[in-house]
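Student: Could you take me slowly through the salt bridges of this structure, and explain each term as it comes up?

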Amino acid sequence: MPSTSVEVYCLHIFFQCLVNPLKPQYDGGIVVNPQLNSGLKGWSTFGHSLIEKRVSKSGNQYVVAHHRKRPHDSLSQKFRLEKGKIYTFSVIVFLAAWLQVSHGNAEVAAMFKTPAGVKNAGWVIAKHGCWSMLKGGLTVTDSGPAQLYFESKNTLVEIWADSISLQPFTQGQWRSHQDISTEKYRMRKIKIHAIDAQGNPLTKAKVSIKQRKRNFPFGCAMNQNILSNKAFQDWFTSRFKVTTFENEMKWYSTEKSPGKENYSIPDAMLQFAQKHHIAVRGHNVVWDDPKHQQQWVKSLPPSLLSFAVQKRIKSVVQRYKGQVIAWDVNNENLHFSFYERKLGRNASAVFYLEARRLDKKATLFLNEYNTIEEVSDGSTTPDKYLTKIREIRSTGYKGPLAIGLEGHFNVPNLPYMRAAIDKLAKARLPIWLTELDVSSSPNQAMYLEEIIREAYAHPAVKGIVMWASWRPEGCYQMCLTDNQFKNLPTGDVVDKFIAEWSHKGLLGVTDTAGFFDSSLFHGEYEAKISHPNIGNSTLVQLFEVASSASSQQTLHVKCSEEPQRGQYGGGIIVKPNFDCGTKGWTAFGKGVLQERTAENGNSCLPWVQISEGHETVAVVFKTSRGELVPGGRVIAKQGCWSLLKGSIVGNISSPVDMLFEVYDRARIQQFKYRLTMSHCNHLQKSNGDPTKTKAFPRTAVGGVSVTIKQARSGFPLGCAMTRNILKSNAYQKWFASRFSITTFRNEMKWYSTETERGHENYTIPDAMVKFAKQSDISVRGHNIFCENPDFQPQWVKSLSPMELKIAAAERINSVVSRYRGELIAWDVVNENLHFSFFEDKLGKNASEVFYSTAYHFDPRKTMFMNEYNTIEYSGDEAASPEKYIEKLEEIKSYPGNVGMLAEIGLQSHFGSGQPNIAYMRVALDILGATGLPSWLTEVDVQKDPNQVQYLEEILREGNSHPAVQGIVIWSGPAIDGCDVMCLTDYNYKNTPTGDLVDKLIREWKSGNQEITADSEGFFDISLFHGEYIATVTDPETNSSTSIRFDVAKNIPSETVHIRIGV
C-alpha cells in the first residue's frame, strides 16, 4: 500500500476535459489499485450496478459501472478513516452514454458512507468523450469504516473511473501547508541596510518597523448603525480598510416605492467610509432571489420590469461610479433566477454589460453561497459556478469578472473548501470571500480561525470581508463584539490575525555590515533607524513590500547632510540648484515661496515646514487638462536631505507644471494572483537541424579548420518599441543589439495618427520606421483597425454607417499605401473575435472587406488576425482555437482574398499565476493543423513572484512548437512603463525578465564554433535555423575561403560544399 506520510499538498487540478487521464495524485494515497493495473482488486459494486475493467485503444485501464438503476449504483472501495485527520480526494471520472444523454454530460459526486451517515466529498460535471477531474475532501470526526462510491442522478449513463486517490493529512500537516503557502504568497524577505551620509554601515543600529497599510484587503460589513454610534465607529475604523454595506445599497432599501428613490443612508455611509479611507464594495445592484424583491417589482410585466431594472442599474451605478471598488451585479444568480425567468436567459449578461458601460473601473462580481461552504448543495458547485461564468460570457458580456464566495459556514470542510478554490482558480479571475461568517456553536471562534487561515493561505484569494456588522438586537449570524464593543471570542480571532499580519512591535538591531533581515507581509511600512553616529536624529524611510519575482528586497536607508547637485545637470529644469534665486519657480496654490540659505551657504527651497520629524513629499506634474500625474515620493525629514527620485512618461506634447505635495495617502491596491501546479517540460526541438558540411579544394581535404558564425537567426524573436526610442541613444543601442523585429505599441494605430478627422500625422511612426530600417530591424504593421470600441478615435464613434465606411476606406488607403513594401506584415483587424465595432455598424462582412482592401494595396505582405486568450486562457470561449479558425476561414474565403498570405497572430497576454502550458500546446496544435504559420505577437506576463519562470516556460513552448514562426515580446525598458513587465530599469540594466530574454537569445543562437574536418573533409554539426558564414582555412597554404549558407526549416539535413582556392 502506498505511503501515507506525504506532507506536500498538491494544488494541481485540470479544468479541461482531457483525452487521457493523468496519473493519480499522491500515487493514489491509501487507495488500493488506483489505476486498475491489477484488475478489479480492491473494487466492488455498490448498490445494484455491474462493474468491469476496460482497456482503451491507447492501453489505458479503467473501471466501469454499468446497468445502473439508481443514482448511487456504482463502484466502491472500503477504508478505515481516522478521527482528526483531513482527507483529500481526487479521481478522473469519465462518462460514456450507451443511451442518448441530454446535453452530453451529467453530474457525478464522490460519496463516503460512514456509520454516522453519508458525506459528499465533491462534484464534477463529467462529459462524454473525455476525462474530467473530480477533486474534493472531507474531515473525519470519528474513526471507523467508510466506503467510497460515486453517485449520479442520470442512471442512463455508465460511470467510468480511473486514477483515484485518497490522501490523509494530520491537522499539523494541514497547518504546515497553510504556513508554507502564506510565507510563499503573502510575505517577502526584506533586508534593511543602514548607512551614514558617507556610506559607512551603521553597526548595531536600532531598527523598528511599523506597518502603515497591509496589502491584503481584510474587512467587515457595516450597517447604518455606524452613523450614530461613536463606539462602533472607533472599533471599526481601528481595524478595517474595506467594507460592504449590509442592506443599505440594495434596491429594496433605496426604492421602496416605484420612482421614489432615497439614497440618504448609503450616501452618509459612503461619506463616512471615505473620510476614514475605507474602500467600499457595491452590494448589490440587483438580487435574483424573488423573496428579496419589492412587491411592486414582483408585479411588473416583463416589458416594464426590463425598464425598471435598467433604470435601477443606471441610478445606483452612476451615483457611486468611481467611489466603490467593486459591484455585486446580480446576487445569487446560481440559486435563483427571478430575472432570467422574466427577461430571458441572457438577463445577467445584460446587467453586467450595462454596469460595465457605466463604471469601467470597478470590478464586477458574481456572488454566491455554498460554493465552498456546503459540498452537498449541487446548485452552486465550482463546476456550476464556472458554467455560469461561461454562460454570461456566451450571451454577451465579455468584460472583466471576479468570483465572489459569500462564505456562510456551519462546520467547515477545509479540504473541500481548498479543492473548490483550486478549481475556481483555474478561471484566472480574482476570488474574494465576500460575506464570511460562521453559525453559532461552541466552536464558532475556532471554525472562524480555520476558515480565515485557509483562505488567506490560498494564492487565488484576493480579499476577505466578514458578514458581522454590529446590531444592538444581534448580528446576522456572527458578532465580533458585545453591545459595549468588547471583543467576543470571534473578535479576538480577528484581532489576532490583524496583529499577526501587521508585525506589531517588530524591533531589531543591524549586524556588523549594517544589515537587518526580516520576512514581512505584503504592505506599506515605515522603518525607523537610530544610532549614536547620527546624534539625536532618527532616520525614517517608507517602503513597500509587494509580490515580486525576486524573493528578497533590500532597502538602503540613508540621509545626507548636504544635497547633491541635480542629476543630468537638472535636465530641462530651470535653475535646479537655486544658485540664482528662485528664477523659474513660482508658488502653487496658497503656499509662500521663499529662498533660504543654509549656514554653509547652500541655497535651498523648503517648500513645507516639517513640524513633527518627517512627512511624505511627492512630486506631481499637472497637465494642461488639469490632470495630476505623480512622479515619485519620499519621506522628507527634519535636519537632513532625502533624495526623491521618480519619473513620468510623456504620452502627448503638452505644457505641464511640476509641483510638490505633502500628504498622507491611503491607496486601494489591485491584486493579481498566482497558482502553482505541476507541469511537463518536455520540449521538442523544432528550430534547429543537423547540417553536414564538406570542405574541399579540388579534392577532399582532411584536417582543415572551419569557423562557423551565425549572421542572422532564422527564428524572429523581437520586442515592441515606443516613441521613446527616438530620444534615447541608450534605448536604441539596447534594442538594436538584441532584436531584429519589432511592433510599434500604439504609434501606428488610427487613434494616434488621426486624432481629428482629416488631420493625419505620421511623424512619429515615420521616424520609428526610419530607425528600424537603419538598424536592420523588420517592422510588423500594428494595426490598421481595432474592433474594440474603447480604442476608436473619438470622432469615429459618432459617425453614421455611411460616414464610417468612407472613413475606414480612407484609413486603409492612407496607412497601407504609406508603408507599402516597408513592413513585413499587417495586423489588419485587431481583436475581431472579442469585439465587433465595425461589424455592428457596417455589417458582418466588415472584417473580410478590410482584409481584401489591405491585401490589394500591399499584396506581397502577410495579413494577420491578432487576438488574445486563444492560447492564454482556455475559459474564454469567444477566442477559442476553433472560433479563431472559423473566423479566419471566413476572411480567407471572401471573394477577392484568394491568394492572400494569411497568418495567425496570438497576442499571448498571460495573467499572473502558472500558465497553462498544456492548453497552450494543444491550442497551437489545433491552429497548426491549418497549415498556417502562427506568431506570438504581444507576449507578456502579469507581475507575479514567478514572472520570470512563467515567461521562460511560455517562450520555450512557443519557440519549440513547429507551427510558431516568430515571437514579439510586449515589453521593453522601464522608460516605456512597467505596469505588466519590464526588461530593463531606467538605466537600461536588465531586470530578471531582461536577463531571461538575453539568455534565450544566446541559447537560440549558434555561437562561433571552430571545428576540424575529418579525413574526408566532412564535419557534422547541429545549427539553429538561420544564415551562417563558414570560413575554412587550408592547413597547407593557410589560405581561407568563406561562404554564406542557410539552415532552413523542413530540411532534415543538408550538406554544404565549400571549395578552397581556385
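Tutor: A salt bridge, as the word is used here, is a side-chain nitrogen of Lys or Arg within 4 Å of a carboxyl oxygen of Asp or Glu. The idea behind the term is that side chains of opposite charge can pair when their charged atoms come close. Before the examples, please keep in mind that this is a predicted model, in which local features need pLDDT of at least 70 and side-chain atom pairs count only at pLDDT 80 or more, while totals for chains, interfaces and linings use all residues. Residues are numbered from 1 along each chain as its sequence is written, and side-chain values use heavy atoms, with hydrogens and water left out.

By this rule the count comes to 35 salt bridges, and a few of them will serve as examples. Begin with Arg 357 and Glu 354, whose side chains meet in a salt bridge with an N to O distance of 2.6 Å. These two residues lie three residues apart in helix α8 (residues 347-358), so about one helical turn separates Arg 357 from Glu 354; helices here are DSSP runs of H or I with at least four residues, numbered from the N terminus. Glu 354 has a relative accessible area of 14% and is therefore buried, where buried means under 20% relative accessible area, exposed means over 50%, and partly exposed lies in between, using a 1.4 Å probe and protein chains only.

Another pair within one helix is Lys 230 with Asp 234, whose closest N and O atoms are 2.9 Å apart in their salt bridge. Because Lys 230 and Asp 234 are four residues apart in helix α2 (residues 230-237), they are separated by about one helical turn. Lys 230, at 53% relative accessibility, counts as exposed, whereas Asp 234, at 39%, counts as partly exposed.

Now consider the salt bridge in which the side chains of Lys 388 and Glu 340 meet, at 3.8 Å from N to O. This pair links distant parts of the chain, since Lys 388 belongs to helix α9 (residues 382-394) and Glu 340 to helix α7 (residues 338-343), with their positions 48 residues apart. Both Lys 388 and Glu 340 are buried.

Finally, salt bridges can also be joined together, and in this model Glu 449, Arg 453, Lys 496 and Glu 500 are linked in a network of them. When you turn the structure, you might look for Arg 357 and Glu 354 in helix α8, and then for the network that includes Glu 449 and Lys 496.
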